[in-house]
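I opened my notebook to look at the empty spaces in this model and at what fills them. Here is the structure I worked from.

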Amino acid sequence: MKTELVYFISVFLAMAVAMNSCQKQSRSDKNKTSTREVKIDIRRELFGKTSGEETVDLYTLTNDNGLKVQIMSYGATVVSLEVPDRNGKFADVALGYDTFKEYVKGKAYFGATVGRYANRIAKGRFTLNGVEYKLAINDGENHLHGGNKGFDKVIWEGEPFKQEGAVGVKFTYLSKDGEEGYPGNLSCTVVYTLTDSNELKISYEAVTDKPTPINLTNHTYFNLAGQGNGDILSHELIINADKFTPVDEGLIPTGEIRSVKNTPMDFTHPMTIGSRIDQVKGGYDHNYVLNSGGNSLALAARVYEPTSGRIMEVYTTEPGVQFYTGNFLNGVSGKQGKIYYKHHGFTLETQHFPDSPNRPNFPSTILNPGEKYIQLTIYKFSLSQNRIQK
Ligand code: BGC
């Protein structure tokens, strides 16, 4: 990855380093989870500049086990995520690009923070308190992922921090009243925290001065065999959802909440992603209605990649998760010369349901002045020798 300037931010705990070198010894003896130098660390470096000469920073967070995540301030975007396999070999499990310029041109939302409204709003219209709002139309006749210049295409203000057993970056962004057609000044925070328990926590908060819909998520495409290492069809998946929201041709929910039972949508028991994908037109691109109801932090999904032994669990406070199998990847030139084709990555975007502002039977996505939007999602990594169990 090219960098023009490197400047360290203060982070590294003398104690953590000392403890770490002892732990490193026992870790490599015990279970060989890591073979490389590890220390809790945060770095910030310049990743690129926008056409308006704004600087884009790249933060590199490393935990005590050597897991490494890189996040850039443009779109508060996950650029890479290095996780070990069962032999201690690290691989980058997130799809993306090598350079900032490619992110600006890219259309896949690799790793990005998506907002003000993740997924689609039918015809880019909704009525709130008797007023009809018209949003940017950027996906056929619909509004997708916040419009032409969504939260994935703006610069977020980053502030690195360290905590006991964790490092992170807090990103803030003020979305102005009228931006992409949305009402109200919306002040947003996205905090990424990498813990020594191998969790990437993403917590979101927002407040507004006018009622507005809001639905924030992260759009990382994963391939647990390593980015660019073929398709994700042999990954095994569980989604804790008995229901999903069927969609029409334009991928807009019909409003129905349907059982997954006896359909290829059913991932309530571990199934490989590819086992029934041929029966789903175009591949999976659906919102699952989580059994938790979004009432508290709960396990939404678990994914296991058999050749590497990597497991990823997704916990969220949200009521839904968009399971998308990279159906529109059509030979995208990705990192390190890899080319991404259809189904070479999947996303598990924790969220409220698509088109909720037009669907009174879906959980509300309206944030009012005086209220606080809060969502927490955790991607947790571990290893297994065997198939995953429910
Ligand atoms: C949507 C897809 C869309 C993709 C864009 C996903 O969240 O569900 O329909 O094509 O984002 O990369």
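My entries below go from the ligand to the pocket and then to the cavity.

**Entry 1: the ligand and its neighbours.** A reminder to myself before I start: this is a predicted model. I looked up which residues surround the ligand and found 13 of them. Arg120, His145, His219, Asp285 and Glu349 are the closest. I then sorted this shell by class and got six nonpolar, four polar and three charged residues.

**Entry 2: polar contacts.** Which side chains place a polar atom 3.2 Å from an oxygen atom of the ligand? I noted asparagine 119 and glutamine 322. For histidine 145, an N or O atom of the side chain is 2.9 Å from a ligand oxygen. Next I checked how far the ligand is covered: on its own it exposes 310 Å², and the protein buries 95% of that area. His145 is thus on two of my lists, as one of the closest residues and as a polar contact.

**Entry 3: where the ligand sits.** I asked myself which space the ligand takes. The answer is the largest pocket, and I wrote down a volume of about 780 Å³ for this pocket. Its lining has 35 residues. Nearest the centre of the pocket are Gly106, Lys107, Ala108, Tyr109 and Tyr221. Three elements give two or more residues to the lining: helix H2 (100-105), strand E25 (320-324) and strand E26 (332-333). H2 has the largest share, with four residues. By class I have 15 nonpolar, eleven polar and nine charged residues in this lining.

**Entry 4: the closed space.** How many cavities of 30 Å³ or more does the structure hold? I found one, and its space comes to about 40 Å³. Its lining is made up of Asn119, Arg120, Thr245, Val247, Leu251, Asp285, His286, Asn287, Gln322 and Pro354. Strand E22 (residues 285-289) gives the most here, with three residues. The classes are three nonpolar, five polar and two charged.

**Entry 5: names that come back.** I compared the cavity lining with my ligand notes. Arg120 and Asp285 line the cavity and are also among the residues closest to the ligand. Asn119 and Gln322 line the cavity too; a polar side-chain atom of Asn119 lies 3.2 Å from a ligand oxygen, and Gln322 has such an atom at 3.2 Å as well. I have marked these four names in the margin for my next look at the model.

Note on methods:
Residues numbered from 1 in each chain as written. Predicted model: local features only at pLDDT ≥ 70, side-chain atom pairs only at ≥ 80, totals over all residues. Heavy atoms only, no water. 1 Å grid on protein atoms, 1.4 Å probe; cavity = no way out; pocket = protein on both sides within 12 Å on 5 of 7 lines; lining within 4 Å. Points joined across faces, edges and corners; volume = space filled by probe spheres on them. Nonpolar A, V, L, I, M, F, W, Y, C, P; charged D, E, K, R; others polar. Near = heavy atom within 4 Å. Polar contact = N/O pair within 3.5 Å; in protein donor to acceptor, adjacent residues only side chain to side chain. Areas by Shrake-Rupley, 256 points an atom, 1.4 Å probe, with all protein chains shown as cover. Sits in = over half its atoms within 2 Å of the grid points.
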